[in-house]
Amino acid sequence: MYVALWPGNVYPLGSYWDGKGTNFALFSENATAVELCLFDRNDKETRIKLTELNNFVWHGYLPGIGPGQRYGFRVHGPWKPQEGHRFNANKLLIDPYAKAIDGLLRGNGAEIFGYSWETEEAEKDLVFSELDDAHLVPKSVVVDQSFDWEGDQLLRTPWHETVIYETHVKGFTKLHPDIPEELRGTYAGIAHPAAIQHLQQLGITALELMPVHHFIALPGYLTDKGLTNYWGYDSINYFAPFSGYSASGTLGQQVTEFKKMVKALHRAGIEVILDVVYNHTGEGNHLGPSLSLRGIDNTVYYRLIDDDKRLYMDFTGCGNSLYVGHPQVLKLIMDSLRYWVTEMHVDGFRFDLAAALARELFEVNSLSAFFDIIHQDPVLADVKLIAEPWDLGEGGYQVGQFPVLWSEWNGRYRDTVRDFWRGEKETLGEFAYCFTGSPDLYSLNGRRPNASINFVTAHDGFTLNDLVSYEEKHNEANGENNCDGDEHNRSWNCGVEGETDDPEILDLRERLRRNFLATLMLSQGVPMLLGGDEMGRTQKGNNNTYCQDNELSWFDWNLNQDNEELVNFTRELIYFRRQHPVFRRRKWFQGRPIHGKGVSDIAWFNPDGTEMTDEQWNIGYAKAIAVFLDGDQLACPSPRGEHIRDDSFLMFFNAHSETIEFNLPTVFGLDKCDWSLVIDTKEPRFIREEKIYTGNQAVPVVGRSLVLLRRLE
């Protein structure tokens, strides 16, 4: 038996346990009544009408109700889909502010849909459903937020010292042989010393996790084929960590497990960045289920088409778009972000399809309310903010257009570096811009090189191994006749599609992998490594494994010799980058264009040693270039104001198929110096035996490789 309901408080939204009882609060502007539904261990439901309403918040307090209590809401109101209202009290709704959710969506019945799913009518979403779905819908859970952080704080690693590792919670450790089986694929698995040791030995400073907000896998389309929503880009709640990644059971224990993971990573010096999906929810379009926001107040939370409010605006390709222009939706997002920083100690966020959040009306507006609010927020202004700077709507490609405080996934970097190393024409100038942090994109609005998150591969697309092994996608396992996934991968199979035992092709592929990694780690900006690329992870040519919760997506930790060498090469690269600030400058090269003469901190040369002219940047067939980086001209003091000096370097890039001999440049007296060979990507490791070049000696750079020389003092 539950005691009588007290009036309770408007704030905070969601469920809040104060040690003696729990306050429940739900925002709904257009509801006519709200019922709080409590569930016991046998799933028996008790409904309690919330009678207090202030500022559109329905609230009440229950003494004696504490952590572990499962609950949901039933929201009454008009069923008028043509006007945007889809209230249906037959549907149990997940609390948008729930801090934990028990279990996953179960079954494949019609009950979860607000409309009569089984009708044959063309506009069946207009027909009201009287089916109850409480037996299928995950329950919200009251949690105890107390946790002993033992002094843990955000690490605030400077951007120019950051190396990001993008990975999936489950896929990263699911097959790890040194992690207990019951912990694999969970938050606890990432917190295990074996997982952390791998990241530390690589030199990773920030772990970027694919979505951990509780998401759903809708029954039907994927489950009928034995597949599921593996990536998790269909959030149904923005506060609760996904219960499927917990080794501790449910009923709120996943919250504690997540916190333990963050604390363990922080102790290892590794930040935690979350991939967040505030642009849409898993409720889909007008034919989707009513699981939370749609049933709570559809016209408040979603962007509807003005002249037909039955339908949704869709800038994401996922059926709906959150209405960020409504104050309550802005509050929901901001409350979520602050929660993950203050309560869960997360260090930053990567915003999926962030351009959708900037659409106040239809056009993308970088000065939208969303960005204004974040800019002035004292909690969020000091964490890492990363935008995926595009969405699927008209004008949605916004690379370089985000405001200060924001870094961006630099899609142009990815495309240009891929094209350069596969030998495409007219990429030399673009490649030089990308290598120097893309100042043409980011320097004009007050941002610095850290605005560019450089990457060659990410979760969406080929892995690094597959980038040099396949020219066509091979997504047959997804059950869509290979019609899904990107058609334009800018990849090269080196002569044979897929697996081969040809030693020349294998040697070329290994060299290209090292080229991509070296270019990534030695470019200005912030490098992001796709998890598993350092060990040659393959998805067998599948460039869209969103539905593959199996060995196609999971990391294979049983490495052959070539992949062991690749891991070691990657470690050396990251360590080398950390040791040399010339490759991670905080400011632009002289703050002026990279082309032209008279630049002392950077200079570009032809293979014959002469400086590049403005005309030569536009020669389409040119695929080889040298660059000088002067370690004496960093122009950035240390945190204590001391002048920073570094070694000086010459890099030679050869994307031609044949060997090119580069002459040492004659300007700045570079041909009068001795130069030590550090990296030659035709070799599997950094150079161990000292090789010195000086004077008129030519530096041979084999086809499709790069060479790095260090000036000897």
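Which helices and strands do the buried residues of α13 pack against? In this predicted model, the list holds both kinds of element: α3, α12 (503-522), β21 (526-530), β24 (649-654), β26 (674-680) and β29 (705-712). The helix itself covers residues 561-579. Its 19 residues should span 27 Å at 1.5 Å a residue, and the C-alpha atoms at its two ends do sit 27 Å apart, so expectation and model agree. The side of the story facing those partners is told by Asn563, Leu566, Val567, Phe569, Thr570, Glu572, Leu573, Ile574, Phe576 and Arg577, which are buried in α13. As a reminder, an α-helix makes a turn every 3.6 residues, so residues three or four places apart point the same way.

Stepping back to the whole protein chain, the count comes to 13 helices and 29 strands. The radius of gyration is 27 Å, close to the 27 Å that the globule rule gives for 713 residues, so the chain is as compact as a globular protein of that length. Taken along the principal axes, the C-alpha atoms fill a box of roughly 90 × 55 × 55 Å. Of the 713 residues, 61% are buried. Contacts reach a long way along the sequence, too: among those between residues at least 6 apart, 72% join residues at least 24 apart.

As for the outside, the accessible surface adds up to about 27200 Å², with carbon and sulfur atoms supplying 47% of it. Charged side chains number 67 positive and 103 negative, and the centres of these two sets are 4 Å apart.

Helix α4 can be looked at in much the way α13 was. It takes in residues 253-267, and for these 15 residues a rise of 1.5 Å each predicts a span of 21 Å; the end C-alpha atoms are 21 Å apart, which agrees. Buried positions in α4 are Gln254, Val255, Glu257, Phe258, Lys259, Met261, Val262, Lys263, Leu265 and His266. Their cover includes the helices α2 (187-191), α3 (193-202) and α6 (327-342), along with the strands β10 (100-102), β13 (206-209) and β14 (271-276). After the helix comes Gly269, with a positive phi near 80°.

Within α4, Phe258 deserves a closer look. With a relative accessible area of 0%, Phe258 is buried. Once neighbours within four places in sequence are set aside, Phe258 is in contact with Tyr187, Val212, Pro241, Leu274, Trp340, Met344 and Val346. His345 is 87 residues away from Phe258 along the chain, yet their C-alpha atoms are separated by 10.0 Å.

Two further buried residues round out the picture. Thr427 belongs to the loop between α8 (411-421) and α9 (428-435). Its relative accessibility is 7%, so Thr427 counts as buried. Beyond its neighbours within four places in sequence, Thr427 is in contact with Thr416, Asp419 and Phe420.

Asn465, by contrast, has its place in a helix, α11 (residues 464-467). Since the cut-off for buried is under 20% relative accessible area, Asn465 makes it into that class at 18% relative accessibility. Not counting residues up to four places away in sequence, Asn465 touches Arg513, Gly536, Arg537 and Thr538.

How values were computed: Residues numbered from 1 in each chain as written. Predicted model: local features only at pLDDT ≥ 70, side-chain atom pairs only at ≥ 80, totals over all residues. Heavy atoms only, no water. Helix = DSSP H or I, 4+ residues; strand = E, 2+ residues; numbered from the N terminus. Rg over C-alpha atoms; globule rule 2.2 N^0.38 Å. Buried < 20%, exposed > 50% of the residue type's maximum accessible area, 1.4 Å probe, protein only. Contact = heavy atoms within 4.5 Å. Areas by Shrake-Rupley, 256 points an atom, 1.4 Å probe, with all protein chains shown as cover. Lys, Arg positive; Asp, Glu negative; His and termini not counted. Charge placed at Lys NZ, Arg CZ, Asp CG, Glu CD. Expected span 1.5 Å × (residues − 1).
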